[in-house]
2 protein chains.
Amino acid sequence: MEAEFIRWLKATLPQQSRTQAGIGDDCSTMDLAPDLTPVITTDALVDQVHFDIRSQSLRVIGRKSLAVNLSDIAAMGATPVYAVVSLISPRNFKLSDLQELYTGILTVAEESGTLIIGGDFNSYDGPLIVSITAIGTVPRADIKYRFTTQVHDRIFVTGPLGRSLTGHHLTFTPRLTEGSILAAHPEVHAVTDITDGLVVDLDTILPGDLGAVIQASSIPCRHPSDDNQSDISHALYDGEDFELLFTVCSDAKIGSLTDALPVDIYEIGVVNKNNKIQLQLQDGTTQTLRIRGYEH
Amino acid sequence: MEAEFIRWLKATLPQQSRTQAGIGDDCSTMDLAPDLTPVITTDALVDQVHFDIRSQSLRVIGRKSLAVNLSDIAAMGATPVYAVVSLISPRNFKLSDLQELYTGILTVAEESGTLIIGGDFNSYDGPLIVSITAIGTVPRADIKYRFTTQVHDRIFVTGPLGRSLTGHHLTFTPRLTEGSILAAHPEVHAVTDITDGLVVDLDTILPGDLGAVIQASSIPCRHPSDDNQSDISHALYDGEDFELLFTVCSDAKIGSLTDALPVDIYEIGVVNKNNKIQLQLQDGTTQTLRIRGYEH
């Protein structure tokens, strides 16, 4: 079946126009613009940890497997170029199962301009695993790191947070356009994507003794309920939002940024030097938040 | 434990001198020489398929996990530069287990000049999996593909074949030096590494209607026994030899090649247009070989 799958892949993958050697040689060659900096990320998704093969379609699972990697590319301000895909499948997988999975991967690849240029295939006695490595490029001066936040920076997110497991974690579109626009704005100091939860991921962009105060009333919540406290708690800790979280210089006007971005952004707080993350409630009181994230 | 492991990794990984962002950001940045072509390969190794955690040390397993990827880099004539490591570990793995495994990976990384610049870590209910993606560089004119073999080429290997599972498959050194030397010699037409078995891998460097005749008496056999026929059979079909298999222009003198290479090479046959792979025995008779490889 592996041979059949590889034959199908070779026929299905778009022409390897940017590479001379693609699927089938020992390595794939890459053609990267010499004036841009390449960036790389790798993420493995595991059945029963990151998705559930019993209730979710293989196409949607394939989609997510590439999308989570592209979300990391977006968080650097980079544009994706290549990906390699390693499938480790249960022995009872059929050719049609692999094709469904791969069709989901290819959908996101085509939407994002990512070329699948290589991979590996194994079957074993265990759950489905999709391990993808993605490569993007970005002008060196535009790279958005995590450690470049400064005191007094304003904190923003690109969309509503929380309750992603109701569906968004499978169907989200990686914020690549938004990441590129943030990259082109030097007043944006640091960017990451929210995967483990707002509080944990915010902590990763607060180096040294930097801290933050978040306004509870400003946090955009996905699928808001009648219980605002519950909505906020989901937004703070759920994870898998795949929205961009970024900090902007306190002196900057954000008009040109909001004009350029195709989505609304939400200002949720401000950076200080208190070395902790606090939530300010509507009555003016604050509480210090525990740095804990979503456990898959 | 994941947090402890990441802390240990950050302290242990060599200074990310060639990258500005390393472990801990959304992506790692890469610094690739603009006049060289980057190549990429990915290979996942699975417990009970490619190694056996019950009888082999984690250090040796880590070693092999990177080495198999570097063998692919060598087969392109490239020099390794970066790797990213995705570990998917059984839930009962201890921090010391991860450290042992990683120490094996780092040994090969240091020997080969490969910088580990990123990764992913997951634990789950299943066997240990190490999924590595490696990146190398090579002058474009020197890249050694598989499809560039020509009729009448002479066929060589860089070392003895067969019975790798007695130990060699865990302890081999990827033929990086040899690959670079082959790359610098234009009379070398095609190169691959022997992973699935001599016959299957030879077939991959015989495009179109090209075929080959191999001399049984010329095949170097690992751990030869009293049973020459058995030795030959192991050499043809066992796989996991990780020697380079390459073709050389029939007009060329191979003196400068053998002078440059640090290891002996073995001429095992010649390319023809018969679209099959044949074995010539010492009595002059030939038999057509079935294209089947080692099944993990």
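In this predicted model, A:Val39 stands opposite B:Thr29, a residue of E1(B). The pairing around this position joins the two chains: strand E2 of chain A, residues 37-46, and E1(B) run in the antiparallel sense and are held to each other over two bridges.

It helps to place this pairing within the relation between the two copies. A turn of 180° with a shift of 0.0 Å along the axis lays chain B on chain A, and the RMSD of that superposition is 0.0 Å. The operation is therefore the relation of a two-fold axis. Within chain B, B:Pro34 has the C-alpha nearest the axis, at 2.6 Å from it. Both copies also use the same surface, since 100% of the contact residues of chain B recur in chain A.

Turning to the extent of the contact between the chains, 43 residues of chain B meet 43 residues of chain A. Several elements of chain B give two or more residues each to the side that touches chain A. One of them is a helix, H2 (58-75). The strands on that list are E1 (28-29), E2 (37-46), E3 (79-90), E4 (115-124), E5 (129-138) and E7 (188-193). E2(B) provides the largest share of this side, nine residues. In terms of residue class, the side of chain B that touches chain A holds 23 nonpolar residues, along with 13 polar and seven charged ones.

A second contact can be described inside a single chain. Chain A is divided into domain 1, spanning 2-140, and domain 2, spanning 144-288. Their C-alpha centres lie 28 Å apart. Where the domains of chain A meet, domain 1 puts in 16 residues and domain 2 puts in 17 residues.

On the domain 1 side of this contact, the elements of chain A that give two or more residues are helix H2 (58-75) and strand E3 (79-90). H2(A) supplies the largest share here, with nine residues. By class, the domain 1 side that touches domain 2 in chain A comprises nine nonpolar, five polar and two charged residues.

Taken side by side, the two contacts can be read through their leading elements: E2(B) gives the largest share to the side of chain B that touches chain A, while H2(A) does so for the side of domain 1 that touches domain 2 in chain A. The strand pairing described at the outset, between E2 of chain A and E1(B), belongs to the contact between the chains.

Technical notes. Residues numbered from 1 in each chain as written. Chains lettered and ligands numbered in written order. Predicted model: local features only at pLDDT ≥ 70, side-chain atom pairs only at ≥ 80, totals over all residues. Least-squares fit on C-alpha atoms with pLDDT ≥ 70 in both. Contact = placed C-beta atoms within 7 Å. Helix = DSSP H or I, 4+ residues; strand = E, 2+ residues; numbered from the N terminus. Nonpolar A, V, L, I, M, F, W, Y, C, P; charged D, E, K, R; others polar. Pairing = 2+ DSSP bridges. Domains from an automatic or database assignment.
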